[in-house]
Amino acid sequence: MISVKNITKVFTDPDGGKNKVLDGVSLEVDQGEKIVIIGPSGSGKSTFLRCLNLLERPDSGDIFLDGERITDPKIDIDRIRRRMGMVFQSFNLFKNLTVMQNLTLAPLKLKIMKEEEVRRKAMELLDRVNLAEKADVFPASLSGGQQQRIAICRSLCMNPEVMLFDEPTSALDPEMVGEVLDVMKKLAEDGMTMVVVTHEMGFAREVATRVLFMDGGNIAEENTPDIFFTNPRTARLKDFLSSVL
C-alpha cells in the first residue's frame with residue numbers, strides 16, 4: 001500500500017551545518033499492517049512519518065501510495081492527505097470550536113460529505129471512544145486524554161485509508177495514556193493500516209505486525225514483535241531495549 005524508496009532528508013542548522021536526518025530509508029507497508037517505529041530521540045522517526053504525508057518533502061527518493069508516486073512535484077497534496085490521517089503529540093484542536101465543530105469542519109469545507117452525514121459519522125466516532133456526551137463542549141474543558149481521542153476522531157472523520165501516529169501519548173499524564181492506546185488498539189482490530197511512532201513498548205508488542213528500530217537516520221533493524229524484543233540482532237538495539245524495558 002505504501003512503498004518508500006531510498007528517501008533522504010537534510011536540515012540546515014542555524015550555524016549553516018548540514019544535518020542528514022534521513023539517510024536512504026526504504027520501507028514497504030502492506031494494507032492492514034500495523035508498523036510501530038521506535039528509536040532514540042533524533043533518529044529520524046518523526047521526520048520519516050511527516051514525509052509519508054508530505055508535511056516534509058524528501059530531498060531525494062520516492063514514496064508511492066497504491067502505486068501512485070506522491071513525491072511527484074505536480075501531485076495534489078491535499079488529495080493525498082485526505083487518504084492519510086495523522087495524529088500528533090499535541091492535539092491541535094481549535095479551541096474556539098466545539099468538539100462537533102472540530103470533527104466536522106474539514107469534511108464540510110472540502111465537501112466530502114453532506115452536513116447530516118458528517119454529523120452522524122462524527123457522533124458514531126465519539127460514541128466509539130466513549131465521548132458522545134462531549135459533542136457540544138469546547139476542548140478546554142477536556143482532559144489531555146480526551147482531547148487526543150477527539151483528535152483521532154477528527155482524522156477518522158476524513159475516512160482515511162492509513163493512520164499515522166506521531167508519539168500520540170507522549171504529551172499525556174501517565175493515567176491518560178491507556179485510554180488513548182485502547183482507541184488505537186480498536187482501530188488496529190478493525191483492520192486499519194497504521195504507522196505509529198511511539199515509546200509504548202507494550203503497545204508495540206501487542207499490536208504491531210512489525211517493529212522497526214530507527215537509529216542515525218536509518219532503519220537499523222526490523223522484525224515481528226516476538227523476535228524483535230526477545231532476540232535483537234544488533235548490539236545497538238540490545239542497548240536501546242535494555243534502557244527502555
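## A tour from helix α3 to the end of α9

Begin by selecting helix α3 together with α4 (115-128) and α5, since these last two are among the elements that cover the buried residues of α3. The model on screen is a predicted one, and every stop below should be read with that in mind.

Within α3, which spans 99-109, colour the buried residues, namely Val99, Met100, Asn102, Leu103, Thr104 and Pro107. Then step just past the end of α3 to Lys111, where the backbone takes a positive phi of about 55 degrees.

Next, select α5, residues 144-156, a helix of 13 residues that reaches 19 Å from its first C-alpha to its last, close to the 18 Å expected at 1.5 Å a residue. How many of the residues of α5 are buried? The count is 13 of the 13, so this helix is largely enclosed by the rest of the structure.

From here, turn to the largest pocket, which holds about 620 Å³ of space. Its lining is made up of 23 residues, and those closest to the centre, which are worth showing as sticks, are Met86, Ala106, Arg154, Ser155 and Met158. To see where the lining comes from, select α2 (77-83), β6 (84-87), α3 and α5, each of which supplies at least two of its residues. If you colour the lining by chemical character, you will find twelve nonpolar, six polar and five charged residues.

Now move to helix α9, residues 235-244, and pick out Leu237, Phe240 and Leu241, which are its buried residues. Looking down the axis of α9, you will find that these buried residues fall within an arc of 95 degrees, so they line one face of the helix. This arrangement can be set beside a general rule: an α-helix has 3.6 residues a turn, so residues three or four places apart point the same way. On the other side of α9, Ala235, Ser242 and Ser243 are exposed. To display what covers the buried residues of α9, add β3 (34-38), α7 (201-207), β9 (210-215), β10 (218-223) and α8 (225-230), which are included in that cover.

Finish at Leu245, in the segment after α9. Is Leu245 buried or exposed? With 53% relative accessibility, Leu245 counts as exposed, because the cut-off for that class is over 50%. Leu245 nevertheless has contacts beyond its neighbours within four places in sequence, and these are with Met201, Arg205 and Phe229. As a last selection, draw a distance between the C-alpha atoms of Leu245 and Gly61, which lie 184 residues apart along the chain and are separated by 34 Å.

Definitions and conventions: Residues are numbered from 1 along each chain as its sequence is written. This is a predicted model: local features need pLDDT of at least 70, side-chain atom pairs count only at pLDDT 80 or more; totals for chains, interfaces and linings use all residues. Side-chain values use heavy atoms; hydrogens and water are left out. Helices (H or I, at least four residues) and strands (E, at least two) are DSSP runs, numbered from the N terminus. The expected span of a helix is 1.5 Å times one less than its number of residues. Buried means under 20% relative accessible area, exposed over 50%, partly exposed in between (1.4 Å probe, protein chains only). On a 1 Å grid over the protein atoms alone, a cavity is a set of points where a 1.4 Å probe fits but cannot get out, and a pocket is an open set with protein on both sides within 12 Å along at least five of seven lines; lining residues have an atom within 4 Å of a point. Grid points are joined across faces, edges and corners, and a volume is the space filled by probe spheres set on the points. Ala, Val, Leu, Ile, Met, Phe, Trp, Tyr, Cys and Pro count as nonpolar, Asp, Glu, Lys and Arg as charged, and the others, Gly among them, as polar. The arc is that of the directions from the helix axis to the C-beta atoms. Contact means heavy atoms within 4.5 Å.
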